[in-house]
Amino acid sequence: VNPQLLSTMGRLARELPEENLRSIALAGYVRLATDEACAVLPVASKIDGFEQILSGRLSKDQTRMVLAGLGQVPDVRGVKLVEPMLKNEAVRAEAGRALLKMAPGIADVEVAMGALKQLIATPGIDAETKKSAQAALDTLEARADYLAAWQVSGPYRKPNTDFAGLFDTVFPPETGTAD
């Protein structure tokens, strides 16, 4: 997959003067950004493209298309792009569906829970979406105490000590000193 193609489609979706051609380019961008074959492309570059597209002039249908695409790319920045759109009545339902898809898949549980709470509290969101958001929120809250991000320390070595002997050695992270 050529990352340049994704960039080109995003540029065309922003810059083409004809509405219908921008829509075609936007559909191409969304398809490429969400296609399984493009999973190797960095999420950050996909979100960058969505953000640039959203900064341009979009019709309601084009905005809905972007929201559908963003919903398939779980990322904290994507959530932050979608949240303000809950205030836009014309695309509120699509923004809600996008958040519902994205939030459970992002690593930052606090951001995910905040987005789901905002979705639940948004007037005009249908009951089924609110019910699904509450179920996702309940699941995230139940997992909130689990270790979600690992931190790595080491490797630790001590002269003339094999791996078994290292288990009995106290190293700086355990003593509170930063040697």
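In which helix is the place of Met102? In this predicted model, Met102 sits in helix H6. The residue is buried, because its relative accessible area is 0%, against a cut-off of under 20%. Met102 touches Leu70, Gly71, Val73, Pro74, Asp75, Gly78, Val79 and Val82, leaving out residues up to four places away in sequence. Gln72 lies 30 residues from Met102 in sequence. In space, their C-alpha atoms are 6.7 Å apart.

The helix around Met102 was examined next. H6 spans residues 92-102. Eight of its 11 residues are buried, so H6 is largely enclosed by the rest of the structure. The buried set consists of Arg92, Glu94, Ala95, Gly96, Ala98, Leu99, Leu100 and Met102. Which helices do the buried residues of H6 pack against? Their partners are H4, H5, H7 and H8.

The largest nonpolar core holds 43 residues. Phe50, Leu70, Val82 and Leu116 touch the most other members of this core. At least two core residues come from each of helix H1 (3-15), helix H2 (19-34), H3, H4, helix H5 (76-82), H6, helix H7 (109-121) and helix H8 (127-143). H7 gives the largest share, seven residues. In soluble globular proteins, nonpolar side chains tend to be buried together.

Leu70 also appears among the contacts of Met102. Beyond its neighbours within four places in sequence, Leu70 is in contact with Ile47, Phe50, Leu54, Gly78, Leu81, Val82 and Met102. Two of the residues that touch the most other core members, Phe50 and Val82, are thus on the contact list of Leu70.

Three helix pairs were then considered. The first is H3 with H4. Helix H3 covers residues 43-54 and helix H4 covers residues 60-70. They pack at an angle of about 165 degrees, with axes 11 Å apart. H3 is therefore roughly antiparallel to H4, the angle being over 145 degrees. The crossing of H3 past H4 is left-handed. On the H3 side, the contact is made by Ile47, Phe50, Ile53 and Leu54. On the H4 side, Val66, Gly69 and Leu70 take part. By class, six residues of this contact are nonpolar, one is polar and none is charged.

The second pair is H1 with H2. Their axes lie 8 Å apart, at an angle of about 150 degrees. H1 is therefore roughly antiparallel to H2. H1 passes H2 with a left-handed crossing. From H1, the contact draws on Leu5, Leu6, Met9, Gly10, Leu12, Ala13 and Arg14. H2 meets them with Arg22, Ile24, Ala25, Leu26, Gly28, Tyr29, Leu32 and Ala33. The contact of H1 with H2 comprises 11 nonpolar, two polar and two charged residues.

The third pair is H7 with H8. Here the axes come within 9 Å and cross at roughly 155 degrees. H7 is therefore roughly antiparallel to H8. This crossing, too, is left-handed. Val109, Ala112, Met113, Leu116, Lys117, Leu119 and Ile120 of H7 face a set in H8 made up of Thr129, Lys130, Ala133, Gln134, Ala136, Leu137, Leu140 and Glu141. The classes are 10 nonpolar, two polar and three charged residues. Leu116, one of the residues that touch the most other core members, belongs to the H7 side of this contact.

Ile120 was followed further. The residue lies in helix H7. Is Ile120 buried or partly exposed? Its relative accessibility is 21%, so Ile120 counts as partly exposed; buried would require under 20%. Leaving aside neighbours within four places in sequence, Ile120 is in contact with Lys130, Ala133, Gln134 and Leu137. These four residues are listed on the H8 side of the contact between H7 and H8. Gln62 is 58 residues from Ile120 along the chain, and their C-alpha atoms are separated by 25 Å.

Asn160 was considered last. The residue is placed in the loop between H8 and helix H9 (163-166). Its phi is near 60 degrees, a positive value in a residue other than glycine. Is Asn160 buried or exposed? Asn160 is exposed, because its relative accessible area is 86%, where over 50% suffices.

Technical notes:
Residues numbered from 1 in each chain as written. Predicted model: local features only at pLDDT ≥ 70, side-chain atom pairs only at ≥ 80, totals over all residues. Heavy atoms only, no water. Axes fitted to C-alpha atoms, helices over the stretch in contact; angles between N-to-C directions. Parallel < 35°, antiparallel > 145°, perpendicular 65-115°, else oblique. Left-handed = near helix turned anticlockwise from the far one by under 90°. Contact = heavy atoms within 4.5 Å. Nonpolar A, V, L, I, M, F, W, Y, C, P; charged D, E, K, R; others polar. Core = buried A, V, L, I, M, F, W, Y, C linked by side-chain atoms within 4.5 Å. Buried < 20%, exposed > 50% of the residue type's maximum accessible area, 1.4 Å probe, protein only.
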